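Please look at the sequence and the structure shown below. The report that follows takes up salt bridges, disulfides, one helix and the confidence of the prediction.

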Amino acid sequence: MEFDDDRVDVGGVDDRRGGGGIGLGRGGVAIGGGAGVVGLVIYLLVAVLGGNSGDGSGLPQLGAGSANSTGKQESRQELSDRCNTEGALDEYTDCRLIKVYDIADETWDDEFGKRGLEYRPATLVFFNDAVSTGCGQASAQVGPFYCPAGEEIYLDLDFLDQLQREYGAEGEFAQAYIVAHEYGHHLQTVLGTEQQVRKAQQADPEQENEYSVAMELQADCYAGVWSTLADQRSSGIDLTKDNVAEAQRAAEAVGDDRIQKKATGRVDQDSWTHGSAEQRRQWFTTGYSSGDIDQCDPFRTMGL
């Protein structure tokens, strides 16, 4: 994965890491204390990864506290200076993910403009330890999630290393897929899909999980669309077949069946909330192949 324009804009970033400014290298990020609890990570993958696009009730709740309670936080100017040094996108994971976020914002702004649709950007939040959100208090062990109440994407970088090492989601574009998927949940908020789904779930609780799965698969599809649109931009990304395969493997790695099999040795389709490995790969690929958000409609059989 190559970036056509290496300038990193940190204007949309809210860095709440207590020890911000730690350089994270190409090989991944350092695992922090409790983030390495495999059983908890498995639970959180099932419950959250790919974006908890609900009201936050599924997030582990904490008492009062702040991720900023220890350490010196890196200022926005310091973050910008570091991320715009030569080689920063290869050396620093956070800088690379900010660049992906920048391109996602620019790409969707352009695409919505072409379609005559209202657009507004999400905010990218880095955190560790704990974070207070519009969806409630969350632990760093939650991993990546999107909060529609604040229209914010939350990333704990430690979790990405866990995802790579233990679930096979390896590669820089696998990380980009996660950011793009979370941004897909933001599109659902902007387009009104998230609100429609919540009403439908309340009206038909027996189909709550099916609606949740469709939300996740649509976000996977939007991530695929973004991959193609960003690849076509003059100031976007330059993808290879290997990059696309990284994203497809990452989508498969977080399928409910893969996670359940690894966690319990069995698969219970009735409890799925994110979709199978095959479904997640399929919908990402549908988005990538078409480059068209109109093709991202897993709700078509549900009457939404």
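## A salt bridge between distant parts of the chain

In this predicted model, glutamate 106 has a relative accessible area of 32% and is therefore partly exposed. Its salt-bridge partner is arginine 233, and the closest N and O atoms of the two side chains are 3.6 Å apart. The pair links distant parts of the chain, since glutamate 106 belongs to helix H4 while arginine 233 sits in the loop between H8 and strand E8 (237-238), 127 residues apart. Arginine 233, in contrast to its partner, is buried, because its relative accessible area is 17% and the limit for that class is under 20%.

## A network of four charged residues

The structure holds 16 salt bridges, and salt bridges that share partners join Asp15, Arg17, Arg82 and Asp94 into one network. Within this group, aspartate 15 forms a salt bridge with arginine 17, with 2.8 Å between the closest N and O atoms. Aspartate 15 has a relative accessible area of 8% and so is buried, and arginine 17, at 7% relative accessibility, likewise counts as buried.

The side chains of aspartate 94 and arginine 82 also meet in a salt bridge, at 2.7 Å from N to O. Because aspartate 94 lies in helix H4 and arginine 82 in helix H2, this pair ties together parts that are 12 residues apart in sequence. Both aspartate 94 and arginine 82 are buried.

## Disulfides

How many disulfides does the structure hold? There are three disulfides, and when the bonded cysteines of the chain are numbered in sequence order, the pairing reads 1-2, 3-4, 5-6. One of them is formed by cysteine 83 and cysteine 95, whose sulfur atoms are 2.1 Å apart. The pair links distant parts of the chain, with cysteine 83 in helix H2 (residues 76-83) and cysteine 95 in helix H4, 12 residues apart. The link is left-handed, with -80 degrees about the S-S bond, and both cysteine 83 and cysteine 95 are buried. Helices H2 and H4 thus carry this disulfide as well as the salt bridge of arginine 82 and aspartate 94.

A further disulfide joins cysteine 135 to cysteine 147, at 2.2 Å from S to S. Cysteine 135 lies in the loop between strand E4 (130-133) and strand E5 (136-139), and cysteine 147 lies in strand E6 (residues 145-147), so the pair ties together parts that are 12 residues apart in sequence. The torsion about the S-S bond of cysteine 135 and cysteine 147 is about 95 degrees, which means that the disulfide is right-handed. Cysteine 135 counts as buried because its relative accessibility is 8%, and cysteine 147 is buried with a relative accessible area of 0%. Another disulfide joins cysteine 221 to cysteine 296, with 2.1 Å from S to S. Here cysteine 221 is in helix H8 (residues 208-232) and cysteine 296 in the segment after helix H11 (277-290), so that distant parts of the chain, 75 residues apart, are linked. The torsion about the S-S bond of cysteine 221 and cysteine 296 is about -70 degrees, and the disulfide is therefore left-handed. Cysteine 221 counts as buried at 0% relative accessibility, as does cysteine 296 at 2%.

## Helix H5

Is helix H5 mostly covered or mostly exposed? Helix H5, which spans residues 157-167, is mostly covered, with eight of its 11 residues buried. The buried residues of H5 are Leu157, Phe159, Leu160, Asp161, Gln162, Leu163, Gln164 and Tyr167.

## Confidence of the prediction

The chain averages a pLDDT of 80, and 80% of the residues score at least 70. Among the elements of the chain, helix H4 (residues 93-115) has the highest mean pLDDT, 97, and helix H1 (residues 38-47) the lowest, 36. Helix H4 also holds cysteine 95, aspartate 94 and glutamate 106.

Over residues 19-72 the pLDDT stays under 50, and for this stretch the model has 146 contacts beyond four places in sequence. Where pLDDT is low, the predicted coordinates should not be read in detail.

Key. Residues numbered from 1 in each chain as written. Heavy atoms only, no water. Buried < 20%, exposed > 50% of the residue type's maximum accessible area, 1.4 Å probe, protein only. Helix = DSSP H or I, 4+ residues; strand = E, 2+ residues; numbered from the N terminus. pLDDT = per-residue confidence, 0-100. Contact = heavy atoms within 4.5 Å. Disulfide = S-S within 2.5 Å.
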